Amino acid sequence: MREPVGVVVMLSAEVMEKYRRAGEIAAKVREEMRRTVREGMPIIEVCERAESLIVSLGGKPAFPCNVSINDVAAHYTSPPDDEGEIPENSVVKIDIGVHIDGYIADTAATICFDPNHERLVEVSEGALKMAVKIIRPGLSIARFGLEVQRFIKSRGFKPISNLTGHQVGRYLIHAGKVLPNVSQMSISKIRLGEVYAVEPFVTYPEAAGIVKNSPEAFIFRLAKRKSPKEAESRRLLKFIESNFRTLPFAERWLRNYGSRSEYRRAFSDLISGRYLMSYPVFVEASGGLVAQSEHTVVVEKDGASLLT
Ligand code: MN
Ligand code: MN
């Protein structure tokens, strides 16, 4: 029998235990990154340290460590030859995903190297704290978004309106419902036993408050299981499916497959044939600085319980 993939409705004690372990590891790695990331550090070192720490703590990365700097809101991870460093006076979002047997914890923190932007980061943390506090079975998604928007606006900042929190499912990072950070038409409600990543994104009031896709993408995932014509492409797709299943991965993670010249052609064949989908880097549309704070929670009878 094939194991279930996707939203899991009833959480058994065994599943909860896997979520809790994933959450503990994710929180440890996030805090370790908060303590150790410095200006001038190679970005690729940050990504690889986070990912190897996840493994040494007994988990697996649920997606590549995202290091999104300043107006980059999300989805940057180092390509194999990344020479970039953490810039001075930057605002750096570190986003970490851990899974145990497909059960995912997703968490992020913003590290601020410029005292002028500390308030921006505090407001994203405050919005997250408030959001986690109001989650309970029966809360409407529309109400949730309104409350987050009110919190951020009342402190003089602006939410990013087209980035949302999301339900997580087994081997699926974005599954089911979303949790908007602005007021939104929705008839959905939060239900008992659901697992959500809650993640307010905050920018300055004069910024556009939306993100756009940049032309670059460094994170990919399996899109269709059909078999490509080329033998080399089939072999690479099989490697991707057996190692990452439906979870996002970075090109860096293909190093066990072979040298870059070996997989390069097959990789672009898989992209152009849409066997793989790519996650474009999200950039604030007007160049505004962005802060993000994220926790994964499980909805219990009396409210949200933090996993991360
Ligand atoms: Mn995340
Ligand atoms: Mn997330």
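**Exercise 1.** In this predicted model, determine whether Asp106 is buried or exposed, and identify what Asp106 bridges.

*Solution.* Asp106 has a relative accessibility of 3%, so it counts as buried, the cut-off for that class being under 20%. Next, consider the metal contacts: Asp106 bridges the manganese ion (ligand 1) and the manganese ion (ligand 2), and these two ions lie 3.2 Å apart.

**Exercise 2.** Establish which residues coordinate the manganese ion (ligand 1), and why the pair Asp106 and Glu294 ties together separate parts of the sequence.

*Solution.* First, list the donors: Asp95 (OD), Asp95 (OD), Asp106 (OD) and Glu294 (OE) coordinate the ion at 2.1 to 2.3 Å. Along the chain, their spacing reads D-x10-D-x187-E. Then locate the pair: Asp106 belongs to strand 4 (residues 103–112), whereas Glu294 sits in the loop between strand 13 and strand 14, so the two tie together parts that are 188 residues apart in sequence. Finally, Glu294 counts as buried because its relative accessibility is 0%.

**Exercise 3.** Identify the protein donors of the manganese ion (ligand 2) and the spacing that they follow.

*Solution.* Asp106 (OD), His166 (NE2), Glu199 (OE) and Glu294 (OE) lie 2.1 to 2.2 Å from this ion. The corresponding spacing is D-x59-H-x32-E-x94-E. Glu199 is found in the loop between strand 8 (195–198) and strand 9 (201–203), and Glu294 in the loop between strand 13 (291–292) and strand 14 (295–300), so this pair joins parts 95 residues apart in sequence. Both glutamates, Glu199 and Glu294, are buried.

Terms used: Residues numbered from 1 in each chain as written. Chains lettered and ligands numbered in written order. Predicted model: local features only at pLDDT ≥ 70, side-chain atom pairs only at ≥ 80, totals over all residues. Heavy atoms only, no water. Donors = N, O, S within 2.8 Å, 3.2 Å for Na, K, Ca; no water. Helix = DSSP H or I, 4+ residues; strand = E, 2+ residues; numbered from the N terminus. Buried < 20%, exposed > 50% of the residue type's maximum accessible area, 1.4 Å probe, protein only.
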